[in-house]
Amino acid sequence: MRRLLLAGLIAFTVLPLAATPPSTPQPLDLETIMANPDWVGQAVESPYWSVDGRSIYYAVKRDGSPVRDLYRVDAASGQGVKLDAAARAQAGGDPVFDRRRQHAAYILHGDVFVVDVASGQRRQVTRTPQDESELQFSADGRALQYRDGNDWYSYDLAQAVVAPVALLKFADDPQDAKPDALGERQLATFSTLRQLKADKQAVRDETEALQAADPGRAPMPFWLGDKIKLVDAQLSPNGRWMLLVTVPKDANPGKLPQLTHYVTDSGYAEPEDVHTYVGRNDPAGQSLLLLDLVKHKPYALPTDNLPGIKDDPLKTLRGDAIAALEKAGKADQAKALKAPDVRPVTVAGDGSDNIAWSDDGTELAVQLRAIDNKDRWIASVDFGDHALVNQQRLTDPAWINWNFNDFGWLKDSHTLWYLSEQSGWSQLYSKPLDGKAKALTTGRFEVSHPQLSPDGRWFYLRSNQVAPYSYDVYRVPSTGGAMTRVTQYQGMDDFKLSPDGSQLAVLHSSAYRLSQLAVQPATGGTSRELTDTMKPAFTARAWITPKIVQIPSSHGAGVIYAKYYGPAESDGASRPAVLFVHGAGYLQDVTLSSTYYFREQMFNNLLVQRGYAVLDMDYRASEGYGRDWRTAIYRNMGHPELEDLLDGKAWLVKHHGVDPQRVGIYGGSYGGFMTEMALLRAPGEFAAGAALRPVSDWTLYNHEYTANILNDPQIDPAAYTASSPIEYADQLQDPLLIEHGLIDDNVLAEDSIRLYQRLIELRKKNFWISLYPMERHGFVHPDAWYDEYRRVYELFDTYVKPTAPKP
């Protein structure tokens, strides 16, 4: 849990919902909309229930500070308080429960507490300078297990004793050292040396015997060798097993590029290492090691029996790349591209969410992902044979999604549940270890955020079943049945079940209302609003409600959903327009929830007041529309998306009187990349473009994102050539403004600077770059936001809005 600075204890009065805005829009200005966003209000963050289920805690950012204050609100009455330091010390944390729900435990200010549910009495288990994590009760309910770094501890509830579960030593056992020829001669020669060695072995044997007979002793160390290092460790609830995820100790991370901080406290320029470029040393393959904590033995869990693990899904591309290198006389590089006999894997991500123990600790499932991004496996563990047993393989010729990978166990501790895009849409499945998979949800919509009710009877889900842009909570029986809608917000952001499963704490939002907290019955029904953290100065304005529209694709892609800002119908006048392009990673901006791009949304309002129409599209690759929409950009980034943007422009021209010669385009991150692709691949289509923190050359981005979509650049160089704006620099003819933070550690500023140099060498005109010395990928300082959007507005006012010839 975050450590929070605390304010004084003050009453928190729940305010009514925002009043209806006045009918006449107040004029907007850049100084207001790019000011510190505290004037807008704050989103409610990280809600969780108290142990007794009567109260909900949540965090809210403090005005003028990054500090989050903690609030507690009574779920029944709606009465709430902000907690001061003294009250915070007595607050509860996000609880976990034992199987009989007699005890709960939580982490508060980084330390572990345990609570007797019936009496409410709590005990502090740890008081350490480091943060503990990953609380779980033992299967028999007698102990509380927790993690400190990668070390696991067990707290005996009856004896109030803490003990390490296992001692992991990443070195060779010094007592297992074998004598060389000289040592053997010494032992053969001197009886005293032989006796000393025998005495050491006798002491070791006795220690191990006492250890096995006396559970009160600290465990013996596991000597695991000096060739590996630990990535993750997960303990079984029954205390019998521990699963380790390791990588080779000498794995080469590759050369790390650097950025430079020019404005510093010291007055000296300071370098900072950032991410490795894609293809310049792929992530190290991970291995699994199972420790038997009772017999004190380690067992490797090989991956070579997983289905398809020895196939090469990039065989054709790899063969072409090898042939090209051999033809060019680069035999060493060609040899390095040879496919491995067994494809390396990672435990999908690098955390415990990809390792799941059953409640009783008798079953274990692991989610693994091929480093080439084409396969995901969910495998159980055969403890007798110390082997992985595949339960579900998801394969995709493009790439496995980084979302929709949740999985776990039903309460019977024998049936897995998981999300999968195998149908083309993220749906929920269950599968007994020895049986067939069963779809619990089906349809052309997505489900996510699955939560199993405490009694194991229901799954609660987030879904856009009604429409791609409308999200609510649904539930479905864990044994299968109809999926029913529980909430009616259409802009539901997240939710959390109460400890008894009877209530939902719901975060919901709308176009100009940040996430707010409500509570309602888990079966559906009337909700109670618990917060209103918006500011009157913001809610009093008459903001334009974006109209969600459906734009037909001229390239057979179906419907492109978009948000339109502007006059409802064409009045016959010719007007300018701007396309706003959202960023990616995997993002959906056309929803009924509040937008991540709240500043851009206000800027779009300003543009409309100044005579523009604005369109914000969920182009192909956006979230919310299924697997085919997501993977349409495979090996071809910037091409299907541009088709969609041009369809959006044509729609504006046809339906809203937009002058096709006066359309601008802007966006940040992936939106900046698309702005560059639009100007460079469709010259003449856009009057001007502003590319904010754009990717200009995908070979400079990271592996985790880029290799999913474009493969490795050594294997698939054509994909990088086709997808990188710098390759089309010679086609620039329309005004281009590039803006980038100099300490951006996501998309490096050198990416934009390299394109700028290329345009210089090509002797292009009407291009500019603006660099911000103290901004990372997401700008945070109001001065920089204002300067950035002043330049964007001036670009459009100069090159897009006028009807007269451009300067």
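How many salt bridges does a search of the whole structure find? The count for this predicted model comes to 35 salt bridges. The close-ups below pick out a few of them, then turn to helices.

**View 1. Glu45 and Arg68 join two strands through a salt bridge.** Here the two side chains meet with an N to O distance of 3.0 Å. Glu45 sits in strand E2 (residues 44-49) and Arg68 in strand E4 (residues 68-74), so this pair ties together parts that are 23 residues apart in sequence.

**View 2. Asp697 reaches Arg754 in helix H14.** The closest N and O atoms of this salt bridge are 3.1 Å apart. Asp697 belongs to the loop between strand E44 (688-692) and helix H12 (703-710), while Arg754 is part of helix H14 (residues 749-761). That makes it a link between distant parts of the chain, 57 residues apart. As for how covered the partners are, Asp697 is buried because its relative accessibility is 7%, under the 20% cut-off. Arg754, with a relative accessible area of 35%, is partly exposed.

**View 3. Salt bridges that share partners build a network.** Its members are Asp396, Glu421, Arg627, Asp628 and Arg630. Zoom in on Arg627 and Asp628: they form a salt bridge with their closest N and O atoms 3.0 Å apart. Arg627 is buried, at 18% relative accessible area, whereas Asp628 is exposed, at 55%.

**View 4. Helices H8 and H15 cross right-handed.** Two packed helices are described by the angle and the distance between their axes. For H8 (residues 598-609) and H15 (residues 782-799), the axes come within 12 Å and the crossing is at roughly 35°. On the H8 side, the contact uses Arg599, Glu600, Phe603, Leu606 and Leu607. H15 brings in Trp785, Tyr789, Val792, Tyr793 and Phe796. Sorted by class, that gives eight nonpolar residues, two charged ones and no polar ones.

**View 5. Helix H11 is mostly covered.** Of its twelve residues, eleven are buried. The buried ones are Tyr670, Gly671, Gly672, Phe673, Met674, Thr675, Glu676, Met677, Ala678, Leu679 and Leu680. What about the span of H11 (residues 670-681)? At 1.5 Å a residue, its twelve residues should span 16 Å, and the end C-alpha atoms are indeed 16 Å apart, which agrees.

Technical notes: Residues numbered from 1 in each chain as written. Predicted model: local features only at pLDDT ≥ 70, side-chain atom pairs only at ≥ 80, totals over all residues. Heavy atoms only, no water. Salt bridge = Lys/Arg side-chain N within 4 Å of Asp/Glu carboxyl O. Helix = DSSP H or I, 4+ residues; strand = E, 2+ residues; numbered from the N terminus. Buried < 20%, exposed > 50% of the residue type's maximum accessible area, 1.4 Å probe, protein only. Axes fitted to C-alpha atoms, helices over the stretch in contact; angles between N-to-C directions. Left-handed = near helix turned anticlockwise from the far one by under 90°. Contact = heavy atoms within 4.5 Å. Nonpolar A, V, L, I, M, F, W, Y, C, P; charged D, E, K, R; others polar. Expected span 1.5 Å × (residues − 1).
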